[in-house]
Amino acid sequence: MNRTKQRPERQALWLALAGAVVLYALCALYMGLASDLQSVAHAMEQTTRGDLSARAGVNGRDEVGSMAQSLDRMVLTLSSMVADIRSNAALVSHAGQSLAADNRALSERTEQQAANLEETAASVEQIFATVQSNAQVAS
């Protein structure tokens, strides 16, 4: 009878021990996932604010690790795209400034040519007047 009484107690002890191990495993899993997910969320928030140097920093082989690595690649690609856009904008700005300077130079040359043309026209009129005057004197 003593043996029968020990059996339920022993089963209860093993059940309690198994429950404690399962509870510990669940807590460890939760803490690991919560920490990784918090790192990913923080990196997303930084990226949303425009910080393209944000990294999730999760090095796992599970789904959360894969998602964090994808986020890091996405941020790196986005950063590269923004750098390309800035570079192209600077090139367009430089080309616009160069075009404006060339337009001013062309305008100045055109004005100079117009002034020269006016002087030439005045000289031609003087020559014409002189030729007419000489022709009248000669006749």
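A contact here means that heavy atoms of two residues lie within 4.5 Å. Keep that in mind as you look through these views of a predicted model.

**View 1. The whole protein chain, built from 2 helices and 0 strands.** The helices are α1, covering residues 2–48, and α2, covering 63–138. Along the principal axes, the C-alpha atoms fill a box of roughly 165 × 20 × 10 Å. A compact globule of 139 residues would have a radius of gyration near 14 Å, whereas this chain has 44 Å. Of the contacts between residues at least 6 apart in sequence, 36% join residues at least 24 apart.

**View 2. The surface of the chain and its few figures to remember.** About 11700 Å² of the protein chain is exposed, and carbon and sulfur atoms supply 60% of that area. Of the 139 residues, 9% count as buried.

**View 3. R7 and I127, a pair set 137 Å apart in space.** That distance runs from C-alpha to C-alpha, and in sequence the two residues are 120 apart. R7 belongs to helix α1. Is R7 buried or exposed? R7 counts as exposed because its relative accessibility is 59%, and the cut-off for exposed is over 50%.

**View 4. The largest nonpolar core, with 7 residues.** Look for V40, A43, A56, V58, A68, L71 and V75, which make up this core. Helices α1 and α2 are the elements that give two or more residues to the core, and α2 gives the most, with 3. As a general background, nonpolar side chains in soluble globular proteins tend to be buried together.

**View 5. L71 and the residues it touches.** Which residues does L71 touch, leaving out those up to four places away in sequence? They are V40, A43, M44 and A56. Among them, V40, A43 and A56 also appear in the list of core residues, as does L71.

**View 6. A nonpolar patch of about 510 Å² on the surface.** Here you can find V22, L26, L29, L33, L37 and M67, the residues that make the patch. Helix α1 supplies the largest share, 5 residues. One of the patch residues, V22, has its place in helix α1. Why is V22 called partly exposed? Its relative accessible area is 48%, so V22 falls between the cut-offs of under 20% for buried and over 50% for exposed.

Key. Residues are numbered from 1 along each chain as its sequence is written. This is a predicted model: local features need pLDDT of at least 70, side-chain atom pairs count only at pLDDT 80 or more; totals for chains, interfaces and linings use all residues. Side-chain values use heavy atoms; hydrogens and water are left out. Patches are made of residues with over 30% relative accessible area and no salt bridge: like charges are joined within 9 Å, nonpolar side chains (Val, Leu, Ile, Met, Phe, Trp, Tyr) within 5 Å. Accessible areas come from the Shrake-Rupley method with a 1.4 Å probe; for residues, only the protein chains shown count as cover. A salt bridge is a side-chain nitrogen of Lys or Arg within 4 Å of a carboxyl oxygen of Asp or Glu. Helices (H or I, at least four residues) and strands (E, at least two) are DSSP runs, numbered from the N terminus. Buried means under 20% relative accessible area, exposed over 50%, partly exposed in between (1.4 Å probe, protein chains only). A nonpolar core is a set of buried Ala, Val, Leu, Ile, Met, Phe, Trp, Tyr and Cys residues joined through side-chain atoms within 4.5 Å. The radius of gyration is taken over C-alpha atoms; the globule rule is 2.2 Å times the number of residues to the power 0.38.
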